[in-house]
Amino acid sequence: MIPDGLKYSKSHEWVKLDGGVATVGITDHAQDTLGDITFVELPKVGAGLTKEGEAGVIESVKAASDLLSPVTGEVVSVNGTIEMAPEKINSDPYGGGWLYTVKIADMSEVDGLMDAASYGKYLETC
Amino acid sequence: MKIIFEKSIKNRRGVTLPKNDVPVNAAIPEKYARKSPPELCEISELDAVRHFTALSRKNYGVDTNFYPLGSCTMKYNPKICEKIAGMGGFAGIHPVFGRLIMNNGASWTHGAMTVLHNLEDLLCRITGMDAFTLQPMAGAHGEFTGMAVIAAYHRKKGNRKTVVLIPDEAHGTNPSSAAAAGYKVRTVPTDPKTGILEIEALKAAMDENVAAVMMTNPNTLGLFNPRIKEIADIAHSYDALLYYDGANLNAIMGKFRPGDGGFDVVHLNLHKTFGTPHGGGGPGAGPVGVKSILEPFLPVPRLAAKSSAGKTGAHFEFSDDYPDSIGPVAPFYGNFSVCLKAYVYILMMGGKGLTEVSEQAVLSANYIMHSLKDYYDVPFLKTCMHECVLTAKRQAERGVGAADIAKGLIDRGIHPPTVYFPLVVKEALMIEPTETESKETLDEFIAAMIDIAKCAETDPESLKRAPVTTPLGRLNEAKAAKDMDVAFL
Amino acid sequence: MSYVSITPEQRQEMLRVCGVSAIGELFADVPASLAPPADEFWETGGLSELEVLAECERLTSKNHTAAMTSFLGGGFYDHYIPAAIDAITSRSEFYTSYTPYQPELSQGTLQAIYEYQSQICRLTGMEISNASLYDGGTAIFEACNMAAAHTSRRKIVVDKGVNPIYRKMLRAHSAGLDIEIVEIPVLGGGSLDRGGFAGAVDDSAAAVVLQNPNFFGIVDDHSDIVDKCKEKGVMTIQSVYPVALALIKTPAEQGFDIAVGEGQSLGIPLSFGGPYLGFIGTKKTLVRRMPGRIAARAEDVNGKPGFVLSLQAREQHIRREKATSNICTNSALCALRAHIYLSLIGKEGLTEVASLCHNKAIYARERIGSVPGVKVSKQPIFNEFLVELPMGALECVRALAGVGGGFAAGIPAGLFGGDCFGAGVNTDNMLIVAVTEKRTKEEIDSFVDNLAQVIKL
């Protein structure tokens with residue numbers, strides 16, 4: 001499941017643009033690979049993120065990985081409800097399982113991300 | 001089964017103590033006193049014995065079942081080792097006695113020190129190293145100690161090196177221990193065709209920042225790297241040291257010594273190779289051996305043998321007089337009773353016996369691999385060492401993953417192999433039979449694995465439901481992580 | 001004896017299945033040039049059980065400590081070990097099993113770990129505990145590491161009343177981690193220098209480390225220090241003696257964030273230095289910083305209650321270089337011993353053990369203090385105290401070892417604690433004496449009489 005209209009990073013984050021602010025989450029492929037997600041540590045509101053830098057941590061029963069930021073910018077808001085109910089990321093990765101929003105510093109970084117079709121192709125190589 | 005605290009009955013006692021025989025009845029001053037005594041359970045000795053005996057019956061151990069857990073070397077633990085470690089003349093010694101000298105200049109603990117000295121010497125012979133410390137208290141602690149020794153060596157030389165190279169198949173402790181010693185980890189890919197670290201990949205990853213290359217040989221895929229000497233030469237040409245993770249030593253005793261292959265530091269897991277029990281997760285011991293250039297950096301105190309004039313035999317002394325030492329990593333001399341068991345084990349074997357151990361461990365692993373290669377995919381189908389790695393790729397296409405195969409083995413009375421490790425093999429099944437298992441046991445295991453492979457074709461659902469013969473079925477780990485009930489309060 | 005049971009005929013059959021004719025072919029990847037030297041060691045066979053037993057009995061006869069009446073402590077104590085502990089832990093379903101990765105086959109170990117964690121929480125007052133660490137020294141290091149990660153600060157302030165061995169271990173373990181350790185000397189009598197210590201605590205500190213009772217046996221209440229640390233966002237770590245916790249304020253009662261300690265006194269033999277047991281307890285909010293294994297309650301697919309290893313994503317086998325610690329093998333069997341000890345000795349029993357230790361130590365201190373020329377500390381203690389002799393402590397220990405059945409008089413402070421004090425304090429004549437419930441009045445009296453004799457000489 002790879003919705004159109006979103007942008008995708010190689011580390012399996014999705015980005016939804018709304019003007020200069022992006023909503024970020026992890027893809028269906030990422031949640032499926034991780035398995036039952038038990039914990040997520042989100043960045044603090046106001047924190048500065050850099051492209052491909054660490055934005056937080058996501059843990060499942062058998063794996064843990066860093067959340068990498070797909071773009072550079074400042075965190076605007078975080079999805080507090082998933083800290084209490086991280087399983088939402090499994091059940092609704094593109095909806096209720098969103099992670100945080102970020103004010104994009106450099107829009108040209110977005111151009112470097114994949115669209116749904118190229119992310120689909122990219123997955124075949126993973 | 002009830003938690004032990006649920007069995008507690010007020011005023012029941014398990015142990016009685018002598019009466020107070022001194023004419024003092026003092027209390028801790030109120031400012032320093034605990035408000036109310038800790039809520040420990042109140043049970044009888046029989047209650048306790050029943051409780052723990054019942055718990056023990058819910059466990060698999062080497063003594064109850066075949067336990068081919070890869071990388072863990074679950075061999076038989078000889079009972080004589082336990083008996084000797086329990087002798088009062090060893091178990092009762094307060095460690096400070098080791099630092100006191102008798103009036104005649106002799107040691108209070110000559111016997112125990114002899115054990116440590118002889119074991120250091122034997123481990124040097126087995127590994128080809130020049131000196132050993134027995135202080136590290138587990139394998140990962142040995143890795144940390146080895147890395148700290150390497151760091152001290154580079155500091156002394158004025159080298160500013162920040163990186164440790166580690167192949168991607170390595171045990172998780174390797175990168176973790178390198179980080180614990182302050183290093184950044186650079187991962188080197190294993191060659192997908194040969195399953196080992198190839199010279200070109202190493203060269204591509206090497207630079208002046210590399211302090212050490214950390215390797216297991218044979219590696220976690222069970223494969224021996226024949227070009228180890230070249231690897232050592234390349235590392236040394238950058239003034240990087242070569243570290244040997246001894247978790248897999250059971251494969252090569254009497255056949256290859258890390259010291260001869262160019263390794264500068266080695267840690268051993270006495271609870272793997274040298275037959276001391278794993279204890280449900282420890283204690284173990286992780287002695288570290290080094291080449292003479294690194295000896296000054298080993299942890300203090302070190303055991304020094306001194307021969308004094310007019311006396312027969314050496315006497316021993318613990319010495320702190322090593323200014324370049326990284327300092328102590330254990331409170332005293334390491335996990336002495338584990339070292340003692342390993343010493344007894346080595347005496348029982350002799351060099352010949354140790355060679356036979358490795359030969360049989362390797363033969364048994366190859367026997368399993370060849371017996372199963374038609375039923376499971378083998379990512380690297382060539383001679384393996386003490387363990388073989390299969391993959392459940394074929395079975396996974398029918399929805400049966402490595403975990404399902406593991407659970408299927410449980411229903412067939414066998415402890416599963418290590419699964420999903422090494423990470424470089426998808427759906428990995430890492431099987432280490434060890435030398436102490438009989439051919440009949442190996443054949444039973446092979447039959448069970450073949451049965452499971454067939455089941456994956458005909459009735460995959462039954463494997464996904466497994467285990468059904470144990471008191472509990474599969475446990476919900478996600479819920480446990482969320483609920484986080486980790487103490488009964 | 002290699003414990004290999006494969007017969008020569010079976011070996012031939014196995015070789016045939018592997019497609020080789022001799023075992024040597026399986027080692028073809030090992031270059032011949034790297035073969036071990038053909039020396040005597042590799043050509044020597046093993047001994048029989050009888051021979052090994054005789055050799056080890058010969059070696060134990062070279063240890064001269066068994067008959068000694070011991071007053072040695074220093075964090076490692078000669079407490080009574082109830083017989084049932086050895087009986088239970090010698091069940092090989094416990095000791096020949098591995099880390100409980102397969103919960104369906106390990107419910108015994110897992111429930112025991114969960115119960116052990118509960119015991120540590122009840123003893124220390126903390127909310128959570130892990131499955132064990134190697135020893136009390138590495139437990140302090142792990143706690144400091146947790147604090148540094150949690151606060152993103154690099155300075156640790158350590159009271160020199162913390163066991164000197166552990167302070168050295170902390171330095172050795174943190175050497176590569178860009179951690180600054182500031183140590184504050186104790187006052188002349190061995191107690192905490194409150195002013196000096198508080199002065200070193202500022203908002204650049206990740207944590208403070210204190211010990212109770214401290215290395216000189218002195219019991220304290222660190223609540224005031226903890227309050228000051230909280231103001232500065234500094235985490236607080238206390239190293240404790242578990243038997244003493246039956247009587248003295250818990251780390252939780254004093255407000256500490258992390259409690260650590262050495263569990264040897266809970267039914268684990270002294271064994272010349274190990275294996276021992278490191279324990280660590282903390283608050284629930286810090287659970288993801290915790291090193292090592294943690295067992296948790298779980299349910300199986302049918303809703304039946306059981307246990308699993310939980311929060312494994314913190315650990316090295318998953319997190320690799322980003323793990324909270326590199327620990328893998330820990331002290332599981334020692335933790336089991338401690339759990340059995342606490343279960344058997346029970347609520348009243350532990351209080352009795354602690355009271356016996358305390359009363360006998362107070363008695364011994366009074367008696368020793370009455371020996372002419374000897375000064376004893378008057379500080380509040382649990383079961384260990386500082387003695388100032390009119391002679392060298394090492395010399396005194398040597399002399400007492402040779403009288404009567406032999407006394408191990410205590411630990412000469414200069415041997416381990418020489419660096420605990422500020423400048424100008426000479427530790428040569430200082431002795432640290434520990435008394436457990438195993439010492440009788442008769443032994444204490446005889447010890448004091450002989451001490452008086454030795455001093456007179």
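In this predicted model, the largest nonpolar core holds 282 residues. The residues with the most contacts inside this core are I84(B), L123(B), I126(B), F274(B), L354(B), F382(C) and L389(C). Helix α10 of chain B, which covers residues 336-372, supplies the largest share of this core, namely 21 residues.

F274(B) may serve as an illustration of how such a residue is surrounded. Leaving aside residues up to four places away in sequence, F274(B) touches L123(B), I126(B) and L354(B), each of which is also listed among the residues with the most contacts inside the core. Its other partners are L249(B), M253(B), L268(B), N269(B), A342(B), Y345(B) and I346(B).

A second core, separate from the one above, has 29 residues. Among them are A148(B), V164(B), A181(B) and V329(B). In soluble globular proteins, nonpolar side chains tend to be buried together.

Chain C can also be described as a whole. Its secondary structure consists of 15 helices and 15 strands. Taken along the principal axes, the box filled by its C-alpha atoms is roughly 80 × 55 × 50 Å. Of the contacts in chain C with a separation of 6 or more, 71% join residues 24 or more positions apart. The table gives further values for this chain.

| Property of chain C | Value |
|---|---|
| Share of the 457 residues that is buried | 67% |
| Accessible surface | about 14200 Å² |
| Share of the accessible surface belonging to carbon and sulfur atoms | 51% |
| Distance between the mean positions of the 41 positive and 51 negative charges | 6 Å |

Technical notes. Residues are numbered from 1 along each chain as its sequence is written. Chains are lettered from A and ligands numbered from 1 in the order in which they are written. This is a predicted model: local features need pLDDT of at least 70, side-chain atom pairs count only at pLDDT 80 or more; totals for chains, interfaces and linings use all residues. Side-chain values use heavy atoms; hydrogens and water are left out. Helices (H or I, at least four residues) and strands (E, at least two) are DSSP runs, numbered from the N terminus. Buried means under 20% relative accessible area, exposed over 50%, partly exposed in between (1.4 Å probe, protein chains only). Contact means heavy atoms within 4.5 Å. Accessible areas come from the Shrake-Rupley method with a 1.4 Å probe; for residues, only the protein chains shown count as cover. Lys and Arg count as positive and Asp and Glu as negative; His and the chain ends are not counted. The place of a charge is taken as NZ of Lys, CZ of Arg, CG of Asp or CD of Glu. A nonpolar core is a set of buried Ala, Val, Leu, Ile, Met, Phe, Trp, Tyr and Cys residues joined through side-chain atoms within 4.5 Å.
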